[in-house]
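Please look over the sequence and the coordinates shown here before reading on. The explanation below leads from the overall make-up of the chain to particular residues.

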Amino acid sequence: MMKLRLMRIFILALPALPVSEAARADTLPLSKIDRKIESHIQRGNTRQNVQCLAYILKDFQERKIRKSEIYVTFDDPNIDGIGVGLAETDENYTCEAGELRAWEANEYQLVKTF
């Protein structure tokens with residue numbers, strides 16, 4: 001009887017697992033983002049936010065910033081889009097609502113609209 005009770009608890013707790021995993025933010029260096037993660041980011045965002053991400057990454061590439069120094073944040077419940085920042089700097093951006101936003105001191109400036 002005790003074994004059956006434990007089995008029920010496990011089965012009931014299992015559906016909660018994907019919700020908790022999806023609710024936590026992931027931040028990875030660009031160098032660690034593979035095709036699977038890239039696809040996940042694209043599916044979870046609007047076309048404009050994905051275009052915004054491509055725009056800022058192209059800028060970083062032109063500035064010759066290494067992929068290992070660029071951090072991408074996704075699945076963050078506090079960001080309605082994608083976050084991008086540079087390691088060991090205060091340079092942080094988000095791609096939200098089709099806008100590229102530069103952040104400083106918890107306030108943003110609109111850089112570009114997509």
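What follows is a walk through a predicted model, from its overall composition to its sheet and then to some of its side chains.

The secondary structure of this protein consists of 4 helices and 6 strands, and along the sequence these elements appear in the pattern α-α-β-α-α-β-β-β-β-β. Of the 114 residues in the protein, 27% are buried, while the surface that the protein exposes comes to about 8,500 Å², with carbon and sulfur atoms supplying 55% of it. If one takes the contacts between residues at least 6 apart in sequence, 50% of them join residues that are at least 24 apart.

The strands form an open sheet of 6 strands in the order β1-β2-β3-β4-β5-β6, and their pairing is antiparallel. At the edges stand β1 (26–29) and β6 (107–113), each of which has a single partner strand, so that one side of each is left without a neighbour in the sheet. From one strand to the next, the twist averages 25°.

Beginning at the β1 edge, one finds that β1 and strand β2 (residues 70–74) run antiparallel and are joined by 4 bridges, with L28 standing opposite V72 in β2. Helix α3 (residues 35–43) packs on the sheet, where it touches β1, β2 and β3 (81–86), and the direction of this helix makes about 50° with that of β2.

The next pairing, between β2 and β3, is likewise described by 4 bridges and an antiparallel course, and here Y71 stands opposite G85 in β3. The hairpin of these two strands has 6 residues between them, and in this hairpin D75 takes a positive phi near 60°. How many of the residues of β3 are buried? The count is 6 of its 6 residues, and the strand is thus mostly covered. On its other pairing, β3 is joined by 5 bridges to strand β4 (residues 92–96), again in an antiparallel arrangement, and the bridge partner of G81 in β4 is E96. The hairpin of β3 and β4 has 5 residues between the strands, and E88 is the residue in it that takes a positive phi near 55°.

Helix α4 (residues 47–62) contains N49. Is this residue buried or exposed? Because its relative accessibility is 3%, N49 counts as buried, the cut-off for that class being under 20% relative accessible area. Leaving aside its neighbours within four places in sequence, N49 is in contact with D80, G81, I82, C95, E96, A97, G98 and E99. A polar atom of the N49 side chain lies 3.0 Å from the backbone nitrogen of G98.

The aromatic side chains offer a further view, for the structure holds 3 aromatic pairs. One of them is formed by Y55 and F114, which meet edge-to-face at 5.5 Å centre to centre, with 70° between the planes. Y55 lies in helix α4 and F114 in the segment after β6, so this pair ties together parts that are 59 residues apart in sequence. Y55 counts as partly exposed at 40% relative accessibility, and F114 is also partly exposed, with a relative accessible area of 25%. Another pair, that of W103 and Y108, is tilted, with 5.1 Å from centre to centre and 50° between the planes. Here W103 counts as partly exposed at 28% relative accessibility, and Y108 is partly exposed with a relative accessible area of 39%.

Conventions: Residues are numbered from 1 along each chain as its sequence is written. This is a predicted model: local features need pLDDT of at least 70, side-chain atom pairs count only at pLDDT 80 or more; totals for chains, interfaces and linings use all residues. Side-chain values use heavy atoms; hydrogens and water are left out. Buried means under 20% relative accessible area, exposed over 50%, partly exposed in between (1.4 Å probe, protein chains only). Contact means heavy atoms within 4.5 Å. Accessible areas come from the Shrake-Rupley method with a 1.4 Å probe; for residues, only the protein chains shown count as cover. Two strands pair if DSSP finds at least two bridges between them. Axes are lines fitted to C-alpha atoms, for helices over the stretch in contact, and angles run from 0 to 180 degrees between N-to-C directions. A polar contact is a pair of N or O atoms within 3.5 Å; within protein, one must be able to donate a hydrogen and the other to accept it, and residues adjacent in sequence count only if both atoms are side-chain atoms. Rings of Phe, Tyr and Trp (its six-membered ring) pair if their centres lie within 6.5 Å; planes under 30 degrees apart count as stacked, over 60 as edge-to-face and the rest as tilted.
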